[in-house]
Amino acid sequence: MPNLFCVMPMTHFQRNEGGLYVRVIAIQNAKEDTVLFISYELDGAPFPQETLDELSAQYSIPQENIFLIGDHSHEVPVTGERRGEPEHSKYLRPSEVCAATTAYEELVLNGMRKAVAEAMANLKPAKLGYGFGESFINTFREMDHTPLMPLDRSLFVLRVEDMEGNPIAFLLNYSMHNSCVKMDDVITADFEGCVCRLMEHYFPGSISVWTISAHGDIMPRQDYWNIQAHLPAPSFADPRVENNYFKRLHILSLRHVEDAMAVIHRIQCQDMPDAEIRGAVEMLKVPTSPVVENADGDITCLGGDVTLPASIRVPNQRGRMPGIVGEAGKPIVPFELRMHMCRIGQLAFMGIGGKLYNQYKFLIRKQAPTGVETVVLSQDSSMLSTLSYVLDDEMLLEDARKGQVINPVAGVRLGSIGSCMKDTTQAMFAEITKQKQG
């Protein structure tokens, strides 16, 4: 294991809670069309384009059929080169940190290769089924505006089982920041890691992948003492621990798995050898306009919709994007968001290369054709996008009034993100559902 002390932004490193894993679920139809769900217990998949190129060439799987999913844990090593977050580049760090990061990245890539090879080598006849339930463990983050859409608490579960009904794999999808633990001396995959370990504990021999849905404005509930969990807890998820962060983590994880089990018991799996598998990838590009500074230092931004007096201009405090409104002559960074959709039968998975806000999940699902169920996965190949948080108009305005609007969103006209996402989503649904020629 490389020197994680150098990789982690911490003053002292004491323990690694549960290890960090790469998990893979491979699904293949009778035509040998394959989908890969590759889950990293990191904030994002490092080197996604290189990984897509390599796996596509090695296994003859189209890149649009490969999901590279991060969990956005805050307590893991920072890896990869990020188009939208160049300030996190390892090359800006001391030489020993850069070397340790490079060694760790290679460890992750080798682990991914091993996991994919194992999944592909162990393909077997299987049945699929899925269902939806609810899990009341999330809440909106503290913000100064009222969200346009209700809080999404839907929980999706995909079950894969062998022909005798024994579970092989589960894929869970839920809207919530993966951030129960906030400690400077711990490496942990946080909620995602604990949920996966619990699922694999209760369903021995299976693999579980927890995927993060819309979560830019959604966080774990802090009042964990009001949440009841009834499952017998293994030692790694003991809710009686003294540390309040881990107490919250364990209680929320146990409750979430209990909610998932309620869905699993209702799922009726089916043999689907002829399920069509088809994917599409689009780079959403929202038009931007210049940020204008007048002689008095006032700034006009957001496509001319907002003017910021010079007196309230402040440096970016959120660390979401490079560049600050008010730096005269600074070009606007292109607003590019990778959108990735793959269909398995009547189930469509939409991968978003950023931290999606709640209202956009409703927008995406609303575009689905009749009979197509949509699952939204955030943090899919996220390092290929220039955008980190996919902000809604209310958040853009809130930041603007505080003088915190930052590139690339500074040049976006209000309403344009949603309209462009709607058009792109409709086009992608049309692509994956159209009849094949011949």
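**Notebook: A229, the largest pocket, cysteines**

I looked up A229 first and found it in the loop between β11 (218-220) and α5 (244-264). The model I am reading is predicted. I checked the exposure of A229: its relative accessible area is 30%, so I logged it as partly exposed; buried would have required under 20%.

Next I listed the contacts of A229. Leaving aside neighbours within four places in sequence, I have I251, L254, R255 and E258. I also took a C-alpha separation, from A229 to H250: 9.3 Å, for two residues 21 apart along the chain.

I then turned to pockets. I noted a volume of about 1,200 Å³ for the largest pocket. I counted 50 lining residues, of which V24, I25, A26, A119 and I207 are the closest to the centre. I went through the elements that give two or more residues to this lining: β2 (22-28), α3 (95-121), β5 (126-134), β7 (154-162), β8 (167-174) and β12 (270-271). I recorded α3 as the source of the largest share of the lining, with eight residues. Sorted by type, the lining residues of the largest pocket gave me 31 nonpolar, 10 polar and nine charged.

Last, cysteines. I searched for disulfides and found zero in the structure. I checked C194, which is in no disulfide; its nearest cysteine sulfur belongs to C180 and lies 8.6 Å away, whereas a disulfide needs the sulfur atoms within 2.5 Å. I entered C194 as buried because its relative accessibility is 6%. I entered C420 as buried too, because its relative accessibility is 17%.

Notes. Residues numbered from 1 in each chain as written. Predicted model: local features only at pLDDT ≥ 70, side-chain atom pairs only at ≥ 80, totals over all residues. Heavy atoms only, no water. Buried < 20%, exposed > 50% of the residue type's maximum accessible area, 1.4 Å probe, protein only. 1 Å grid on protein atoms, 1.4 Å probe; cavity = no way out; pocket = protein on both sides within 12 Å on 5 of 7 lines; lining within 4 Å. Points joined across faces, edges and corners; volume = space filled by probe spheres on them. Helix = DSSP H or I, 4+ residues; strand = E, 2+ residues; numbered from the N terminus. Nonpolar A, V, L, I, M, F, W, Y, C, P; charged D, E, K, R; others polar. Contact = heavy atoms within 4.5 Å.
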